[in-house]
Amino acid sequence: MQRRPRIVLVHQRHYLPWLFEAATRAGMDVILVPWGGTPPAALPEGVVSCLPLDTERDPDGAFHALTELHRREGFEGILACSELAVPLVSRVARALGLPGLSESTARTVRDKRLMRTRLRDAGSRSMDFVELRAPGEWRRALGLRMPVVVKPAAGYSSFGVVRVDDPAALEAVIGRVWELCRSEFGYGRRTDGVQALLVEEYVAGPEISVESLVYEGEVRVCAISAKGELPGPYFEEVRFRAPAPLPPEVAAAVTHEVVAAHAAFGVDTGVTHTELRLRQGREPYVLEMGARVGGGGFLHHLAHAGAGVDLAAEALRIAVGMRPRCWDTSPAHSGHAAAYQVPLNGSGRIRAVHGLDALDGDPRVDRVLRLMGPGDLVRPYPAPLTAHPVIVLSHHPTDAEAVAFHEELDRRLWIEYE
């Protein structure tokens, strides 16, 4: 009997279900390289083995363990499930002749400086920026038009991302973000990796995200999601709605910029999550791109429920060298999908998350995922490395009803801290 295709998921959190469920739909078995290198007490359904590796402190050891596993048992594909895993996954895929990004492309999508440079050189819209290799270089950022955004060049999520409006505050914010990077990423102590901050001009306007698939060099935009106005200073993402209610010409401009960014970065295979700002609500600026399923997997819901594209399963198919099924069908608008992350509104140890019981049996709700609860610690921005405590996924007949539902959740759901 021929065994099912096997795929390695690197840095996948065991409590996030979307990729595990997608593997079942796609008829694949999973080899899990867990986030943090610690095996879970119980393996998710569809996981045939777990390989705990210290991918950050010993990437060479992780590389050799994965290539040895391939020699011994074999697997057909490997997928990065976090920003930090992208370079290792590319290296392994290239060494084993599996589908994946080139190592040069993997470095580009992990380095916001390189992405800015590639976009500028390709003639795409790109804001002005400076690179700082030490906190004492902060004065170089004074030449930028305020406000600006300070961020780690190779960060992820919202870690260390801060808007600064006043030049007088710039030195203190840059010093604070550098210290965060020193404690989390080893800035100033390590000799490998990207150790720099990016300071770039702030683009005013609503933020959107775009989920895409790439197969044999062709980019297919699967979902454009509205995130609303995120003015900062810490850019906490709470609401997503797809499809974003954009005029046709703006949606076309977004698609154009996203496809151009893939070409500029050299992304020719896989799944991507691209974040953009719409200056004056019309002109798209690419902020950054991640070579992974966005949001730890939950943004799959926006493509699946909103456009009928099984984004997570298709990403797995591409990773093992299979043709994605959506390449042979015409994408069809199937409704309006929404995601809501209960806002933190503070930090500390959680006493309770209120209002969740009222969602039981609500026909609009597809899933409520409780990731944190009483006793769990929420770190303050700009350093939260944990997920939002609760994610609510829903579907709606119209965008207006999705907006009304999120306004309802704003009133009903809240976190109480000790």
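**Helices, sheets and cysteines in a predicted model**

Right after helix α8, Gly308 adopts a positive phi of about 75 degrees. This is a predicted model, where local features need pLDDT of at least 70 and side-chain atom pairs count only at pLDDT 80 or more, while totals for chains, interfaces and linings use all residues. Residues are numbered from 1 along each chain as its sequence is written, and side-chain values use heavy atoms, with hydrogens and water left out. The names of helices (H or I, at least four residues) and strands (E, at least two) refer to DSSP runs, numbered from the N terminus.

Helix α8 itself covers residues 300-307, and six of its eight residues are buried, so the helix is largely enclosed by the rest of the structure. Buried here means under 20% relative accessible area, exposed means over 50%, and partly exposed is in between (1.4 Å probe, protein chains only). The buried set in α8 is made up of His300, His301, Leu302, Ala303, Gly306 and Ala307.

Strand β9 (residues 207-215) goes further into the interior story: nine of its nine residues are buried, so this strand too is largely enclosed by the rest of the structure. Both of its faces are covered. On one side sit Glu207, Ser209, Glu211, Leu213 and Tyr215, and on the other Ile208, Val210, Ser212 and Val214, all of them buried.

What does β9 pair with? Strands count as paired if DSSP finds at least two bridges between them. Strand β10 (residues 218-228) runs antiparallel to β9 and is joined to it by nine bridges, with Ala226 of β10 as the bridge partner of Ile208. The two strands make a hairpin with two residues between them, and Glu216 in the turn has a positive phi of about 50 degrees. Strand β12 (residues 270-279) is also antiparallel to β9, this time through eight bridges. Within β12, Val271 is the bridge partner of Leu213.

Thr274 is another residue found in β12, and its relative accessible area of 0% makes it buried. Leaving aside residues up to four places away in sequence, Thr274 touches Ile208, Ser209, Val210, Val258, His262, Val286, Glu288 and Met289. Touching, or contact, means heavy atoms within 4.5 Å.

Two open sheets come next. In one of them, four strands line up in the order β3-β2-β1-β4 with parallel pairing. Its edge strands are β3 (47-50) and β4 (77-80), each of which pairs on one side only. On average, neighbouring strands of this sheet are turned by 25 degrees against each other, direction ignored. Strand β1 (residues 6-12) runs parallel to β4 and is linked to it by four bridges, and Leu9 stands opposite Leu79 in β4. Helix α9 (residues 311-319) lies across β1 and β4, at about 130 degrees to β4. For angles like these, axes are lines fitted to C-alpha atoms (for helices over the stretch in contact), and values run from 0 to 180 degrees between N-to-C directions.

The other open sheet has three strands in the order β17-β15-β19, with antiparallel pairing. At its edges are β17 (377-378) and β19 (414-417), each pairing on one side only. Strand β15 (residues 348-354) pairs with β17 in the antiparallel sense over two bridges, and Gly348 stands opposite Val378 in β17.

How do helices α5 and α7 pack? Helix α5 (residues 112-121) meets helix α7 (residues 248-265) at an angle of about 110 degrees, with the axes 9 Å apart. That makes α5 roughly perpendicular to α7, a label for angles of 65 to 115 degrees; under 35 is roughly parallel, over 145 roughly antiparallel and the rest oblique. At the meeting point, Met115, Arg118 and Leu119 of α5 are in contact with Ala261, Ala264 and Phe265 of α7.

Gly175 belongs to helix α6 (residues 170-185) and, at 23% relative accessibility, counts as partly exposed. Its C-alpha atom is separated by 8.2 Å from that of Gly136, and these two glycines are 39 residues apart along the chain.

Finally, the cysteines. A disulfide is counted when a pair of cysteine sulfur atoms lies within 2.5 Å, and by this rule there are zero disulfides. Cys222 is buried, with a relative accessible area of 7%. Why is Cys222 not bonded? The closest cysteine sulfur, in Cys326, is 5.3 Å from the sulfur of Cys222, too far for a bond. Cys181 is buried as well, at 0% relative accessibility.
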